[in-house]
Amino acid sequence: MEDRILIKDKQHDEYWNRGYNLYAVFDGHGNHSTDYGVWEYAKQHFAEFFDAQLLVQIAENNEKQQKRLSSKELIEISLKESFTKFDEEIKQEIQRVKHDTGCTATVLILFQGEKQIESIFANVG
């Protein structure tokens, strides 16, 4: 089976007073002669990319003197940046291990918005 599932429950911390739940399915394709494809790499590392991007966006947002971004805007930007940076990393990883693999990603993030629990859904690949 080429699908991998990622579930991450991030509690609030000193950087952001809102937690989030990240759910992702990575559907692999390509060379399945190995147990380690892009889908496995994504399962193991995508949450790290999202956390890092969210911290960057929070820091930039906290420095703003004018209109600050909402929680939803922070999550949306972080998710888009995560996909972009993760794609760059995946390309390097594919070249390193010399595998002809890839995957699609379907991601759902639930988080505490300003007044209620909100969601963001994304699909790439």
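## Helix α2 and its neighbours

Which elements do the buried residues of α2 pack against? In this predicted model, they pack against α1 (38-63), β3 (101-112) and β4 (117-124). The buried residues in question are Ser71, Leu74, Ile75, Ser78, Leu79, Ser82, Phe83, Phe86, Ile90 and Glu93.

You can also check the length of α2, which runs over residues 71-97. With 27 residues at 1.5 Å a residue, the helix should span 39 Å, and its end C-alpha atoms lie 37 Å apart, which agrees. After α2 comes Lys98, which has a positive phi, near 55°.

## Aromatic pairs and a cluster

If you enjoy ring contacts, there are 6 aromatic pairs in the whole structure. Take Tyr20 and Phe50: their ring centres are 5.1 Å apart and their planes meet at 80°, so this pair is edge-to-face. The pair joins distant parts of the chain, with Tyr20 in strand β2 and Phe50 in helix α1, 30 residues apart. Tyr20 is buried, at 3% relative accessible area, and Phe50 is buried too, at 0%.

One aromatic cluster is formed by Phe26, Tyr41, Phe46, Phe49, Phe83 and Phe86. Two of its members, Phe83 and Phe86, are also among the buried residues of α2.

## A nonpolar patch on the surface

Turning to the outside, Ile5, Ile7, Tyr23 and Val25 make a nonpolar surface patch of about 370 Å². Strands β1 (3-10) and β2 (20-30) each contribute at least two residues to the patch.

Val25 sits in strand β2. Its relative accessibility is 36%, so Val25 counts as partly exposed.

Methods:
Residues numbered from 1 in each chain as written. Predicted model: local features only at pLDDT ≥ 70, side-chain atom pairs only at ≥ 80, totals over all residues. Heavy atoms only, no water. Patch = residues over 30% accessible without salt bridge, like charges linked within 9 Å, V, L, I, M, F, W, Y side chains within 5 Å. Areas by Shrake-Rupley, 256 points an atom, 1.4 Å probe, with all protein chains shown as cover. Salt bridge = Lys/Arg side-chain N within 4 Å of Asp/Glu carboxyl O. Helix = DSSP H or I, 4+ residues; strand = E, 2+ residues; numbered from the N terminus. Buried < 20%, exposed > 50% of the residue type's maximum accessible area, 1.4 Å probe, protein only. Expected span 1.5 Å × (residues − 1). Contact = heavy atoms within 4.5 Å. Phe/Tyr/Trp six-rings, centres within 6.5 Å; stacked < 30°, edge-to-face > 60°.
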